[in-house]
Amino acid sequence: IQTLLSPQAISNVCPTVLFVLFCFPWSALFSHILHLVFQVVSFAPFTLFPTPVPKAVFSQALAVQTHYNTLVDKISQDADFLQEALASTIAVDDFTARLFKIHQQILKEGRSQVRQHSPDDTGVRGSSGVLTILLDRHILKMAGRLEESERILDNNPAAGLARAIAKAWELYGSEKAVVAFFVEDVQRNIFDQRFVEYELWKRNIHVIRLRFEDVFKAGSLDQDKRLFVHGKEVAVVYFRNGYMPDNYTSEQSWDARLLMERSRAVKCPDISSHLAGTKKVQQVLARPGVLERFFPDQPQAVQQIRATFAGLYTLDMGPEGDKTVSMALAAPERFVLKPQREGGGNNIYGSEICQVLEQVKESTERTAYILMDKIHPTPVRNYLMRQGSPLKISNCLSELGVFGAYVRQGKDMVTNECVGHLLRTKSSEHSDGGVAAGVAVLDNPLLF
């Protein structure tokens, strides 16, 4: 990789990168839409070269994914566990409390029989790596690295996610029903979503796009709780929106979410699976003996999952939470303070941990957070390709995420797959943030 970073190598490669981007404007790289006076399409940021990743670590991540799929499903069915795990959080965090209130109402009314979720670490992003694979392979070949180019793995999460959505649509049992992509008003990654959509169209499954406003104004349930929006029956709701407080701009937004959750439509994810992915649940799972609750006769699965955990600590009121506060204030550089939020850019680091905890350490407000050991990956030098940014070499840190697809009908597991991976890379000068937050860029692992 160091040889590839030489000025001469870069001058040979960059024109080819620009040519490929120009020739494939339909790709997932062109996934950011800037809404100005008119819509402008730009490519998503990416690394110029793939990042070396140990093969053993990569294989470990893929091997554990189906266990994580099963874990999320089991948690989503355990109402007592969710109540117990989230009790302190919903008392102080309004957003989680609103989600939990919907969850409780659905428990009273009864759930749909087909359940689907797609666990990953980002909130569901399925197709970003397709063209970056082609780019990385071509760049390595140009640099005379044929052997390395062949180590760039095929990766098409969109196909796997679409396969699971199609199975859920099939189990719903109505050929006239549609799949609804539930999206934001302003969509910055619409082309990323299109890859999943096109996979569904190949199967002759009709796809529509809905927003909160559409569901509130034109959505209804019939006597069998079938969901209709604009006159179309909805078999599957694929949530690409609704994971952050800012997504819910009014009470009408919450009413729309409740309507969808109450319906027979398959939700990806449904409200209980959404709650299963909260930071507080992650922290509770790290306690001794908790994983065994969900895998009582599978010690190997427990071991595989636990091997992926970082240290996680409660901030609940009491001696254990007090100990966590003292530990964080004494050495804030060792930890990350995490609120119950997704989307990147929400975590708190360094001296800011002290500022926040000093304000809330004697208050129940601290229970809205958890504390995690800070991970210290080895930096790798690379070029981060962004629109409008100068080409310069950076010390980079990477994060590997794995996509899973899971479908269950009643008590029968129908689909449980690992369907792909996502490597996100950012400059080491940034503490937090994903691709959508404008900090990280798309990348590919080069296994060694």
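The paragraphs below go through selected features of this predicted model, from one helix to an annotated loop residue.

Residues are numbered from 1 along each chain as its sequence is written, and side-chain values use heavy atoms, with hydrogens and water left out. Because the model is predicted, local features need pLDDT of at least 70 and side-chain atom pairs count only at pLDDT 80 or more, while totals for chains, interfaces and linings use all residues.

Start with helix α2, which runs over residues 55–77. Helices (H or I, at least four residues) and strands (E, at least two) are DSSP runs, numbered from the N terminus. The expected span of a helix is 1.5 Å times one less than its number of residues. For the 23 residues of α2 this gives 33 Å, and the end C-alpha atoms are 35 Å apart, which agrees. Helix α2 nevertheless has a kink of about 35°, centred on Gln65. The bend at a residue is the angle between axes fitted to the seven residues ending there and the seven starting there. Gln65 is also one of the buried residues of α2, among them Phe58, Ala61, Val64, Leu71, Val72 and Ile75; polar or charged names in that list include His67, Asn69, Thr70, Asp73 and Ser76. Buried means under 20% relative accessible area, exposed over 50%, and partly exposed in between (1.4 Å probe, protein chains only).

Next come the charged pairs. Side chains of opposite charge can pair when their charged atoms come close. A salt bridge is here a side-chain nitrogen of Lys or Arg within 4 Å of a carboxyl oxygen of Asp or Glu, and the whole structure has 28 of them. One joins Glu148 to Arg145, with 3.2 Å from N to O. Glu148 is buried, at 19% relative accessible area, and Arg145 is partly exposed, at 21%.

A second salt bridge links Glu199 and Lys202, at 3.4 Å from N to O. Why are Glu199 and Lys202 separated by about one helical turn? They are three residues apart in helix α8 (residues 190–202). An α-helix has 3.6 residues a turn, so residues three or four places apart point the same way. Glu199 is buried, with a relative accessible area of 15%, whereas Lys202 is exposed, at 63%.

A third salt bridge, between Arg211 and Asp214, has an N to O distance of 3.3 Å. Arg211 is partly exposed at 28% relative accessibility, and Asp214 is buried at 12%. Salt bridges with shared partners join Asp185, Arg211, Glu213, Asp214 and Lys217 into one network.

Several residues draw attention through their backbone. Asn204 lies in the loop between α8 and β7 (207–210). Its phi is near 60°, a positive value in a residue other than glycine, and Asn204 is exposed, at 67% relative accessibility. Lys225, in the loop between β8 (219–221) and β9 (227–229), likewise is not a glycine and has a positive phi, of about 65°. Lys225 is partly exposed, with a relative accessible area of 25%. Further along, a cis peptide bond joins Cys268 and Pro269, with omega about -5°. Pro269 sits in the loop between β11 (266–268) and α11 (271–276).

Thr324 belongs to helix α15 (residues 319–330). Is Thr324 buried or exposed? At 4% relative accessibility, Thr324 is buried. Thr314 is ten residues from Thr324 in sequence, and their C-alpha atoms are 6.8 Å apart. Contact means heavy atoms within 4.5 Å. Apart from neighbours within four places in sequence, Thr324 contacts Tyr313, Thr314, Leu315 and Leu371.

The last stop is Glu342, which an unreviewed UniProt entry annotates as "binding site". UniProt positions are given in the numbering used here, feature names are shortened, and annotations may be inferred rather than shown by experiment. Glu342 is in the loop between β13 (335–339) and β14 (348–349) and is partly exposed, at 29% relative accessible area. Which residues does Glu342 touch, not counting those up to four places away in sequence? They are Tyr243, Met244, Gly277 and Lys279. With Lys279 there is also a polar contact between side chains, at 3.0 Å. A polar contact is a pair of N or O atoms within 3.5 Å; within protein, one must be able to donate a hydrogen and the other to accept it, and residues adjacent in sequence count only if both atoms are side-chain atoms.
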